[in-house]
Amino acid sequence: MRHVMLTGLALILLFVAGGCRQPAEKAAKKEVDSADGLIIAVGDSLTAGAGVDEQASYPALLQKRLQAAGLHYRVINAGVSGETSSGTLSRLGWILTQKPGIVILETGANDGLRGIDPDLTRANIEKIMARLQAEKIVTVLAGMRMVGNMGGGYTESFRKLYEDVARENGAVFMPFFLEGVAGDPAFNNSDGIHPNARGYEIITDNLFPYVVQAINKRREADEDQKGRASSHLGRALQLFCHFPEHPYSTYRVSYK
Amino acid sequence: MLNLRFLLRELVQSRKQATVFVLCVALSIFSMVALNSFRDTVQNLVLGDARSLQGGDLLLHSHYPFGPALMQAVAGLEQSGQVRGTRIYECYSVIRPMAGVRSLLSRLKIVGPGYPLYGRVELQSGLPLETVLTAGRVVAEREVLDRLGLQVGDQVYIGSAVLTIADIILREPDRPVEVFALGPRILISEADLDRLQLIGKGSRVDYGILLKIRDRDADIKAITAGLLRSAQPEQEQVSTALNARSGVKVFFDNLFFFLSLISIFTLLLAGIGMQTSLAALLRGKRTTLAIIKAMGASGGFLFRHYFVLTLGLGLIGSLTGMALGAAVQRLLPVLFTGLLPAGITPALRLADAGQGLLLGLLVVIFFTFLPLQGLRHIRPAALFRQENQSGTRGMLFYPTVAAGLLLLALLIIRQLQDLRIGLYFIAGALALIACIWLLTRALLAASAKIRSPFLGLRQAHKSLFRPGNATGSIIVTLACALSVLLAIYLVRTNLEATYVESYPPEAPNLFFLDIQPDQRQAFIRKTGQAPQLFPVVRARLVSINGQPVRERQQPQQRGDSLTREFSLTYRNNLLADEVVSEGGSLFRRDRSGAVPLQVSVLDTVAEMGDMHLGDRLEFNIQGVPLQAQISSIRTRTKSRLYPFFYFVFPEEFLRDAPQTSFAALHIDPQEITGMENRIVSAFPNISFINMAQTAAELGELARRLAGIVNFFAGFSILAGTLIIIGSILATRLARVREAVYYTILGADSRFVLSVFIYEHLLLGLFSSLIAVMLAQLGSWALCRFLFNIGYLPHWSVSFLLIVLTPLLVVVIGLLSSAGILRQRPAQILREQTGE
């Protein structure tokens, strides 16, 4: 009996807490050079990095990649395990208080796993995007696909909702967050659904160009704000000043 | 050598005492034989090489399709006829009826032919699963039909297939273990697997193969090892029923241990009963025995005859006990229904029977040897003297006691199957007796100083100290029995409060998750009830007093980790089942009366992280740091299925943090589907967990467990009653005399009766007072230190004991000495002189 109760308890904890064990996010590191701005990775357990060391989750890897590329952004991991798109919408205000320049939005997977109507997920993400847009935050929307066992009709409408929202909103759109990772035992934990450290490397590789794209968009927007009068040449110069010693300005060319 | 006529006469003469004696032996043998043989049966069938609980001897499991190596290994075993296997696939899916827009998340289980290999799926039609679950047909839990508004015979879309709901699932064989699910169950035949188009790359499926080993004597370890060699490490798991359900083993081990303790107590109490009833028998015979001695009988003659007499009675008792034990074997599986897989029919084995008989005789010898030894010391002079024959302790006395204690120790260790705990137990029992002895002495000495103004009471009190009276030993045995009984009750109730009755009837049975802040009010209105909403703010614990929390530094305790995401909450009051154990109140107020930023922690997490009052905790709430000092430590008094939170903050500091809420409701199971439909149509984002089915089953389990424990504890109570009867029979003669003298001195029968009642009241009162004192102390210590659970003293029960015991003692006393009061003094006096 005791065991049964404990199992029940453990499951409740797992659920209510959505809690997958995972190392604590350490205190904000002061040494991170965030001269260029702040990126907040908003999402569920796939962002939080359930089941891997915090340093192996994608926001940590992305920050490293950006810093190495001379893009001085701090990336905050604001992933909450077990969160649905409704939860993300509700806590948007909290995220905005931190004044991010860029938000990477990865949400909805738990909606799908709970069989929630995709129309609701779509409405939630639309509202989130609209709010971010109103706050002039550049958004990278990570597309999600639902596991095949939920049924053909369901997975299809689920996949489509991300494409539709991205198209309508004009956000930077990564078609599938888990591209090349989902369903492959080599890149996932034994639970078959959360990426392992190697999986997060692939995700970061895939995501990086979209983030650079967003950074460029951010800069364009910042320039616009500084004065529409500034010339095209001036803008180019200004950009160049950001990468004095790195050849990575080519990213701007390749991904613009 | 033996005079049969003498034996027979003795037996007939003292049939009352003999009956009590036989009952005591029977009781002790019965509870031990019943428990031991049943334990062996259960261990052999469930714990030894448990098969039934997981539906197969072996379970292969993976989140990915099985690799070719493992499949080949399984095929090899099947071809060689060693095993029979069946496939299972488990996943969630959204199903839809043919018409309408509703859809429902369901738990699918696609099963191969022969499923389940052990146990059975109960269907509403009563038909066997294999005749109902054919291609194109599914069976579902009632909730599926209720939620989608369907009838048996209707069709649904599942994946790409259209399937007919053919029957309703009443019970799955592995249901008690699986307590938690997001949707109702649907069973589908493997024949429809391909048509579903749900299983494949990109699907989240639990793949399983159940294997049944055909030859019962086959080497399950070798087969397991062979399969493990072919399995991909970390991905494909091979588990035997034993290791898969090791929790079940632990549970049964605990249960049997507790029952073993009870059966030993029964044995000890019954032993004391034997001793007192034998002492009563001999006391009544003292004059007769002295005459026999005077006529030339040797001490050996008396000893031999009485030894044979007690052995004979012991034999009768043992056989009765075993017969009862065998009879109850039929009853035990009924008691254990639902806890054990069906089909276990325990039988009393010859070995158990022999062991029971041996045990009974050993117990009889141990508990009767000393009173019998006293026979040797009866002198013919006892005819003339009235003083108590304390007797000199012969050379045999101490070796006998030592040998007896050793025997008893071995018995206890064997029964508990643990040397260390057995020794603890013996030490504890001796300490208990010593304590009670001292307390009794102290209480009697103290009461001797008090003078009552009522003559009857004074006389009753004096008669406690009458020469040769067994007041001390009666109080000791009675207090022993009562304290053990009360302790069993208290420990059991406290254990149940923590574990067994974790699903009390009013506990929540429906949980709603993911309620957003702006939905709170509307949600409450929609439920039509006043549910409490629990806000949840997800955050990580960053540091304790500046020391960063890291995974490796924390030993894994209770399967929890300090580094996971925690659920913080805020409120300014305690929940109904919470108590502040340190810090005085939930939060402190500053001088202005405001509540500054602080945090209250639950004792379990405080223990896990070695946190103390005043420690500084730093949290990271999705990028925003929050630091707070620990203001109080809380503890919980209720079951674990009530919602609880490790960290509680004052409302104003987390009210605006990112949060969702969950609600826990208790509603009539009949209304659950309606409520679910109502909430889901208003708030499509809210998910729910229906625990009603689980609650009902756990409640049933709890009830059965309580029944089993009560069943065995009942024997202890019976033994206690026998002790009281035995003790009163032991002092019968002295009482008769007293009654006569009171009458001669001019007392009316009312006075005699009142003295009699007062004396028993005092006996009962003293015993129960001592018992309550020790039982409370002992149970508190057991709960606090051994079981590590909270303790509730249940004073009302103790009070009841103090009131009822004297009453019971008086009633039993009156019943067993009814003849005394009715007898005419002259007649007794005549008989006395006639002797």
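A quick word on angles before we start: axes here are lines fitted to C-alpha atoms, for helices over the stretch in contact, and the angle between two of them runs from 0 to 180 degrees between N-to-C directions. Keep in mind, too, that this is a predicted model.

With that in hand, look at chain A. Helix α3 (residues 58–68) of chain A lies across β1 and β2 of that chain, and runs at about 170° to β2(A). Those two strands belong to an open sheet of 5 strands in chain A, ordered β2-β1-β3-β4-β5 with parallel pairing. At the edges you'll find β2 (73–79) and β5 (172–174) of chain A; each has a single partner strand, so one side of each is left without a neighbour in the sheet. From one strand to the next, the twist averages 20°. Zoom in on the β2(A) edge: its parallel partner is β1 (residues 37–43) of chain A, and 7 bridges join the two. One spot to click on is A:Ile40, whose bridge partner in β2(A) is A:Ile76.

Now hop over to chain B and its own helix α3 (residues 68–79). This one has 12 residues and reaches 16 Å from first C-alpha to last, close to the 16 Å expected at 1.5 Å a residue. Its buried residues include B:Leu70, B:Ala73, B:Val74 and B:Leu77. These four cover an arc of only 95° around the axis, which puts them on the same side of α3(B). What do they pack against? The buried residues of α3(B) meet β1 (58–62), β2 (83–97), β9 (206–213) and α7 (220–230) of chain B. Flip to the other side of α3(B) and B:Pro68, B:Gln72, B:Ala75 and B:Gln79 are exposed. After the helix comes B:Gly81, with a positive phi near 80°.

Methods: Residues are numbered from 1 along each chain as its sequence is written. Chains are lettered from A and ligands numbered from 1 in the order in which they are written. This is a predicted model: local features need pLDDT of at least 70, side-chain atom pairs count only at pLDDT 80 or more; totals for chains, interfaces and linings use all residues. Two strands pair if DSSP finds at least two bridges between them. Two residues are in contact if their C-beta atoms, placed from the backbone, lie within 7 Å. The expected span of a helix is 1.5 Å times one less than its number of residues. A residue is buried if 20 or more other C-beta atoms lie within 10 Å of its own, exposed if 12 or fewer, and partly exposed in between; C-beta atoms are placed from the backbone. The arc is that of the directions from the helix axis to the C-beta atoms.
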